[in-house]
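Trainee: I keep getting lost when I look at a whole structure at once. Please pick one part, go through it closely, and then show me where it sits in the rest.

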Amino acid sequence: MLTVFSMMRALPGGPFDFEGDKSLAKAVTDNLERRHHLDWSESWQFVSYVLGDDVAGAVCETIPSIPGCDKVLDGYKAGVSRGVIRGDLGMAMRQRGRTINGIIGESFPVSLQLGLMAIGFGLLTGIPLGTIAALKQNTTIDYAASFFAVLGLSVPSLVLGPVLIWIFALKLGWFPVSTWGAQPPFFLGFIPAPTKDFFMHAALPVTALGLALTASIARLTRASLLQVIGEDYIRTARAKGLPQSTLIVRHALRNSLIPVVTILGPLTASVVTGSFVTEFVFGIPGMGKHFITSINNRDYSMISGVTLVYALLLVIANMIVDIMYAWLDPRIKFE
Amino acid sequence: MAKLLEVKNLKTQFFTQDGVVHAVNGISYTVDKGETVAIVGESGCGKSVGVMSLIRLIPQPPGKIVDGEVWFDGQDLLKLSEDELRHVRGNKIAMIFQDPMTSLNPVLTIGRQITEALELHLGMNREQSRKRAVQLLEMVGIPGAESRLDDYPHQFSGGMRQRVMIAMGLSCDPQLLIADEPTTALDVTIQAQIVDLVANLKEELGMAIIWITHDLGVVAGMAERVIVMYAGFIIEEAPVDQIYTNPRHPYTLGLLRSIPRLDLGRQKRLIPVDGLPPDLLDLPNQCPFAPRCTFAIDRCWQENPPLEVVGPGHTAACWVDISDVKVQILAEEDANKEAA
């Protein structure tokens, strides 16, 4: 957090620097900067961001001799932030009068819907595809699946998105071209009503984002399943007279999914970065848009806020992966 | 006694990038009901592939059973469809494997792994099969059987896992149990326990056993007949006492001489069989053991000897009668000359 905080401030330019016709009067800029405490020293800005304006003010009232305290005493009563620690991500600098909490609360569910559906899509298509490829090893089906996997991995969503729009939305007219079909309120904060409109809108972006996942999951499933099928316990299971389907589903697949679960953590990260592009291409009002525009706008509080949410998301994703691990493999136990 | 299994001219080959591996080269034998037959031989001589071919467990491809018949219960197992064969596997013919550490599925409870065969072949429901699984575990001597049903394989020691494997093999009361080196991966004391266990269970249940091993010491205690394999051929077959007192193939003799004996103290050195088994990629028409044989004569290099009857229930594939005293003296002289 500190890294992001200081690095974004080290970038040249600030949120209220404009050029040419748009440039603001010096007095206006000063006023705005003061309102967002940008006139404070960087360490005091950080304190106020993390702990809140009132804490910074209280400290300075008690010991006014700390360097930079004069500015703090001057402005803390205007009160922008209650501090991240109390769940307040501050005010947006470039969207007048809006809180970061409000903006993220609006856009994050949409991003989460897109991301979860993409991961679900990747698992639901990748595992069967990899399984089929492994069972039909070295046949045309296997080669076709492998070719598809390489293709899915190498075509970025920046290319895939417009291609999908062109084919399925513009030429065939099956799906809407862009935007998102879900409307708040959401169940549990992020689960939308499963309307036809929602799925029609979701189909293309989810495919664009999920296809790369499908590809890597399919490749891993294939390799891992092939290895598991050669294990002794599969021979034992065959010696018991189990039919092929039971053999694969009950004995082989669960063992082969262990490495697949392992890469779900890193894959979540790639979904997050992929969603910046996908949301942009499909005009989805998600968080990725804010992430990119806020950097260009030097909207400091927005950058920090979005980064924090993504970091939290990755931590949670990795935790879920660990839990799934223990569920799949009884040899792993949490003490 | 009635024949349970009759193997005729079984040939299994592996088609690899380097060429055709002749793993099993036309072996024929029978197993009677309730009989214990031991198949011995060194690593890579085709013992395991030979028995796995019986119920078509070898990976195909690259493996292929190119010839032969396996008569069991009035049908040729090699001609059955995969579905028909599945009803034999694990049901009438059960198999236990060498390494209990890797032969049990790590992510399924042992209860599940035992009950699935019961549900499949005997049509039991969940409750019946669990009850039967507890009985089986008690039978193979696993303490606290009921509470251990929901444990995973990694919670058992190697010996206990092999007991679980045996319980699994016996679950459907098979007529034939194939034990593929079940004691090789275990400690010596555990080995003895497992051998005793199987011998007792056999008394109790009356099934036939094919016991594969490379340890002639294990064989003596439990088998009634011994088949010695070398390079994918059966080279000698005899009742168990005949193998020890009157071996008729130089290789069998070599195996016997390399068993450590406590009763002879330190006076007698072990005599290993020199050299390596032949390359199964390329078998010339000669006795496969000739390059390592102290008794070899010219004919051994020109023609592979067929199995011939040398006594009651005793066959051997050798051109030389090594039970002949003169032959033994000649061979010993040769050996001494070489040593000098």
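Mentor: Let's begin with one pair of residues: B:Trp71 has B:Asp76, in S5(B), as its bridge partner. Keep in mind that this is a predicted model.

Now widen the view a little. Strand S4 of chain B covers residues 63-72, and two bridges join it to S5(B). These two strands run antiparallel. They belong to an open sheet of four strands in chain B, and if you walk across that sheet you meet S2, S1, S4 and S5 in that order. The pairing there is antiparallel. At the edges you find strand S2 (19-32) and strand S5 (75-76) of chain B, each of which pairs on one side only.

So much for the edges of a sheet. For a strand with its surroundings described from both sides, turn to S9 of chain B, residues 225-230. Is this strand enclosed or open to the outside? Six of its six residues are buried, so the rest of the structure largely encloses S9(B). The cut-off for "buried" is under 20% relative accessible area. You can check this face by face: B:Arg225, B:Ile227 and B:Met229 are buried on one side, and B:Val226, B:Val228 and B:Tyr230 are buried on the other. In other words, both faces of S9(B) are covered.

Next, look at who pairs with S9(B). Strand S3 of chain B, residues 36-40, pairs with S9(B) in the parallel sense, over four bridges. To find that pairing on your screen, look for B:Val40, which stands opposite B:Val228 of S9(B). Another partner is strand S10 of chain B, residues 233-239, and here the pairing with S9(B) is antiparallel, over six bridges. A handy landmark for that one is B:Arg225, which has B:Pro239 of S10(B) opposite. S9(B) and S10(B) also make a hairpin, with two residues between the strands. In the turn sits B:Ala231, whose phi is positive, about 50 degrees.

Now step back to the chain that holds these strands. Chain B has eleven helices and twelve strands. Of its 340 residues, 51% are buried. How do the contacts spread along the sequence? Take contacts between residues at least 6 apart in chain B: 64% of them join residues at least 24 apart. The radius of gyration of chain B is 21 Å, and a compact globule with 340 residues would come out near 20 Å, so the two agree. Along the principal axes, the C-alpha atoms of chain B fill a box of roughly 70 × 50 × 40 Å. On the charge side, chain B carries 31 positive and 45 negative side chains, with the centres of the two sets 2 Å apart.

Finally, have a look at the other chain for contrast. Chain A has 13 helices and zero strands, so don't hunt for a hairpin of paired strands there. Of its 335 residues, 44% count as buried. One of its residues to click on is A:Ser256, in helix H11 (residues 244-282) of chain A. A:Ser256 is buried, with a relative accessible area of 0%. Leaving aside residues up to four places away in sequence, A:Ser256 touches A:Ser224, A:Leu225 and A:Val228.

Definitions and conventions:
Residues numbered from 1 in each chain as written. Chains lettered and ligands numbered in written order. Predicted model: local features only at pLDDT ≥ 70, side-chain atom pairs only at ≥ 80, totals over all residues. Heavy atoms only, no water. Rg over C-alpha atoms; globule rule 2.2 N^0.38 Å. Buried < 20%, exposed > 50% of the residue type's maximum accessible area, 1.4 Å probe, protein only. Contact = heavy atoms within 4.5 Å. Lys, Arg positive; Asp, Glu negative; His and termini not counted. Charge placed at Lys NZ, Arg CZ, Asp CG, Glu CD. Pairing = 2+ DSSP bridges.
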